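The following report introduces a protein chain to a reader who has not met it before. Please look over the sequence and the structure before reading on.

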Amino acid sequence: MRTHLCFQIFLIPIYLILFGVSATCQSDQQSILIQLKNELHFNSSLSSKLEYWNPNVADCCTWLGVNCSNGGQVISLDLSNETISGPINDSSALFRLKNLETLNLAANNFNFTPIPSRFGSLTSLKNLNLSNSWFSGQIPGELSQLTNLEVLDLSSLFALGIRSLKLENPNLGMLVRNLTQLRVLYLDSVNISAQKSDWCQALSSSLLHLEVLSLSNCQLSGPFNDSLGNLQSLSVIRLAQNNLSASVPDFFGNFTNLTVLHLGACNLRGTFPMKILQLKNLQILDLSVNTNLHGSLTDFPVNGSLQSLILSHTNLSGAIPESIGNLKSLSRIELPNSNFSGPIPMSMENLTQLLYLDLSSNNFNGQIPSFQLCKNITHIDLSHNSLSGLIPSAHFQDLQKLVFINLRSNAFSGRVPSSLFNLSQLQKIQLSNNNFNGTLSNFSNPSASFLDTLDLSSNNLKGEIPKSFFQLERLNLLLLSSNNLSGMIKTKELQGLSNLTTLDLSFNNLSIETSPVPLPRLPKFFSLKLASCNLQKFPKLQNQTRLINLDLSDNKIAGEIPTYIWEAGNGGLSYLNLSRNQLTGLQEPYKVPDLAVLDLHSNRLSGAIPIPPQTATFVDYSDNLFNSSLPESIGENLTFAYFFSVSNNLLTGKIPEAICNATYLKVLDLSSNHLTGRIPQCLIEYGGSLGVLNLGNNSLTGEIEGTFPSFCGLNTLDLHGNSLEGELPRSLVNCNMLEVLNLGNNKIIDTYPCFLRNNTSLRVLVLRSNNFYGTVRCNEQQRNNWSKIQIIDIAHNNFNGTVPSECFWQWDAMMMTRDDNWSSKQHLSFMVLQLNNFYYQDTVTVTIKGLELELVKILTLFTSIDISSNNFSGEIPNTIGRLSALYMLNVSHNAFNGSIPSSIGNLSQLESLDMSSNKLTGEIPLVLTDLSFLSVFNLSYNQLEGRIPTGSQFQTFTETSYKGNKGLCGPPLTIRCSRSDVIVPNDTRNLEESNGYDWQFILTGVGFGAGAAIVIGPLVLSKQGRNFWDTYTNKIVEVICLALGIQYAACVLFYQNEDDEKETEDSDENSDEDEFLSELDRSKGRYCVFCTKLDFSWKEAIHDTKCTCFDRTPALSTSVSTSSSEAESPFTKL
């Protein structure tokens, strides 16, 4: 026993060494710690360490956060996350712990006080962590005295502006000069801008053993210096959120120990060196938010270590290589908002460790791989690409950890994968804006589902909404709009969706049946959108106390708007759309809540217009029967409005001056009413925000008074259909963004607006039916540069003189062909609000065949010129043929003379051409028959002559297109053409005009004739020649007949002597042949090919018995016997 006990005593020191058991805390160390506790301010209720330091416990080495050496000295102190607040003074007891090797004060709050310089006295420190502790100011230079330091962490998660830590004096180089043992350096969010671009040299000259370099958000500047390549021990590089403005150096690919490279948001440029991807140990690569970084992915190494690949918001492009399947450890792929393209590699199916996949907003196409083997995946986002094809349900089978899937804005087709409805952990399904079709599947266990978002809008889904959709108790958003769903839905069915806040069933074939009484268990909606749901009545919304957005537009609701609609949401309603119904009035009394959007357009509302709330930003009362005047205070209620329209009503009175108080208006549309008086001068002098001013179709009078400001922002100015007088304000030249200028149907007296020559944005110019006068020719200084003009209408004015040919050289928009501009087809419009892509559609009226046609949506492809009913003279310029994209041309009722320009044949898109009532002479150019789209054509009442061309579209025009031209003849006119009226081809006319013979033509004909006579003459005149001709002709014909299934007997001439003898000698052969031919199908007999033809089915040969094949053989009688006929003629059917 004693021996055994002694042996155990002997082993005690060994146990202490092996298992690191600390010695008992020395008393002075304990007293220092107690004093430190008393100095510090912390929340005892949240403390996990300091609160439990008990002076009655003798051994302080057992206290939480304290470790001691074998000699009882405190060598490690961890007070992180202890809610310590207030400063640490230089006199603090902390600095009496001279043996400290590790000190951690991270995640406390030292109230932006400086780091005490006394930290430099703790010379034994190897690990110092002051991260996220809200220190501020200059980092003391005394820290450079910690020559044993291996780990230094002064980082912060956020930059605190002027309160951030900084390295100015000393700078980074001075701080690390003596820290030669440093292996880990975290200075994230420390301001190191004073170091400028030589921070690489400062690190590489002192920290040769550095393994971790983390300087994110330190205001560093580039470029990288090659000296950084000397730090070959680097395994972690984090330099994110610095404006380096440099390319990634190639030597990064030489850091064989590199495991983490984080260069996000560094304004990197150039091409990324892809050899970095070949590093075997690389685990995390983050290059996100570097939009100027280019390059493409190369093959990944076999058995690479990459776990996280983050390349979002870059300009990297090309395809993802199939070798990505080699990265068996890959768990996170983030490539959104880049330029990647091509198919998604099918090898991704093998990434069994994948947890997070985001390939959204790229140009990927084709089908997607299956994720069936990625059992741990939680997030899939493939939205906003060009992916297509069917998605088999097995692709997502049994992904029980999947939480999020987003496939929006692609071209997927087929049925929605039913396996998605069986994943109980799935919280968000977003499949909108695709081509999914077919019916929807039921959820297998809806009550157990965690689904909170289901977005299937903008697809081609059909059938009824499955009943299980209304049993998803946790569902928060249900978006099914813009499909072909059908069936009846009763509002009481929604009572099972207790957590539903957003419901959108708009634009389907659904019918919603509302309850006659409020339903107490109906979900408390934030947003309810039931547009185009065949609603007959307003739903009972009295209990909807949280409602913010309500859209009941495009239904069949009639009658008055009930008071409770305005009261929905307890006055918190922000968006109300009741447009396109059959509403007739507003139930009194009513109070419009503080709406941002109020849309009542396209109803039958009458009486006074509702006063919009002062909070309104969008107000649309257009297309109703309101018959009041505009309130004098209307401007005060539109203080924040950007859109206000009361067009197409019955409003009367004047436009109040107060309308100009609506200083944020972008669109003001008061058109098509009965407004009178002058245009308020303040509207002309309005600020730069107004983009559309439409006062057309009213009864406004007077001149356009005021000066358009130098910062005029008008895109559309429409004043047509009034009684405005005077001249155009020359200040209109300040509106250099003007695209539509419509002043038609007024009483304006002015000259052609050459002063708008520099307005390169102008697309539509309408001056018709005014009193404009003078020439349209502008001098050299005023020549217009309307390269975008597409509609010009100056008809019914008093313009005179010739039309300058050079103007057609400037109108580039009329020169593009349909194919040139078809891909960029869009409507002429003004973007009212970029945030939600809301546009104001411009309208203009064009005249076709005397009928006014209103173009509600003007395609930028549509082009038209109407200069009719003026006093223009001279010839129509031949340069009109340059406008190859022109759709309509009207030059009628002028005094043009000369011929019709043949260049009009180049206007291949022309659909309407009216040149009537002029003095045009000559013939109608033949090239006009090539205008295949021409549907309206009028040349009446001119002085044209000659035959009317035929062919193509000209066959469809009636005599009204040509009447009043005494010299025209031919269909459809009843006047017949004489021979002299026949239109002769140009080459024949030229020949006749030469008054001689074309000897080249004559000699060529004589030569061919002589040659033929030399060859054919001997064949015809000599017996031997005839036999030669017959032999070879028969061979050719025999080949043809065999191909057609006809038995052919060669033609034999019957000459008196030799032929008779030969016939006698061959009689035996003929008799043998008779026996064979008698067995043939009678429908395939032997005929003379010259007297035989096939029937319509190409099955039976028909012989003409009256045919004589050779001149010397008389017509044979058909009544002779069969035997004699064989001898007499080979042409009779055997």
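Is Arg183 buried, partly exposed or exposed? Arg183 is partly exposed, with a relative accessible area of 30%; buried stands for under 20% relative accessible area, exposed for over 50%, and partly exposed for what lies in between (1.4 Å probe, protein chains only).

The model is predicted: local features need pLDDT of at least 70, side-chain atom pairs count only at pLDDT 80 or more, and totals for chains, interfaces and linings use all residues. Residues are numbered from 1 along each chain as its sequence is written, and side-chain values use heavy atoms, with hydrogens and water left out.

**The chain as a whole**

The chain contains 13 helices and 71 strands; these are DSSP runs numbered from the N terminus, helices being H or I with at least four residues and strands E with at least two. Of its 1134 residues, 49% count as buried. The exposed area is about 52,500 Å², of which carbon and sulfur atoms supply 51%; accessible areas come from the Shrake-Rupley method with a 1.4 Å probe, and for residues only the protein chains shown count as cover.

**Salt bridges**

The structure holds 12 salt bridges, each defined as a side-chain nitrogen of Lys or Arg within 4 Å of a carboxyl oxygen of Asp or Glu. Among them are the following.

| Pair | N to O distance |
|---|---|
| Glu150 and Arg183 | 3.2 Å |
| Lys166 and Glu168 | 3.9 Å |
| Arg678 and Glu705 | 3.0 Å |

Glu150 lies in the loop between strand 5 (137-138) and strand 6 (151-153), and Arg183 in the loop between helix 3 (172-176) and strand 8 (184-186), so their salt bridge ties together parts that are 33 residues apart in sequence. Glu150 is partly exposed, at 26% relative accessible area. A network of salt bridges links Glu150, Arg183 and Glu211.

In the second pair, Lys166 has a relative accessible area of 29%, and Glu168 has one of 43%.

**Strand 24 and its partners**

Strand 24 (residues 411-414) has alternating side chains: Phe412 and Gly414 point to one face and are buried, whereas Ala411 and Ser413 point to the other and are not. Strand 22 (residues 386-389) runs parallel to strand 24 and is joined to it by two bridges; strands pair if DSSP finds at least two bridges between them. Here Ser388 stands opposite Ala411. Strand 24 also pairs with strand 26 (residues 435-438) in the parallel sense, over two bridges, and Phe436 in strand 26 is the bridge partner of Gly414.
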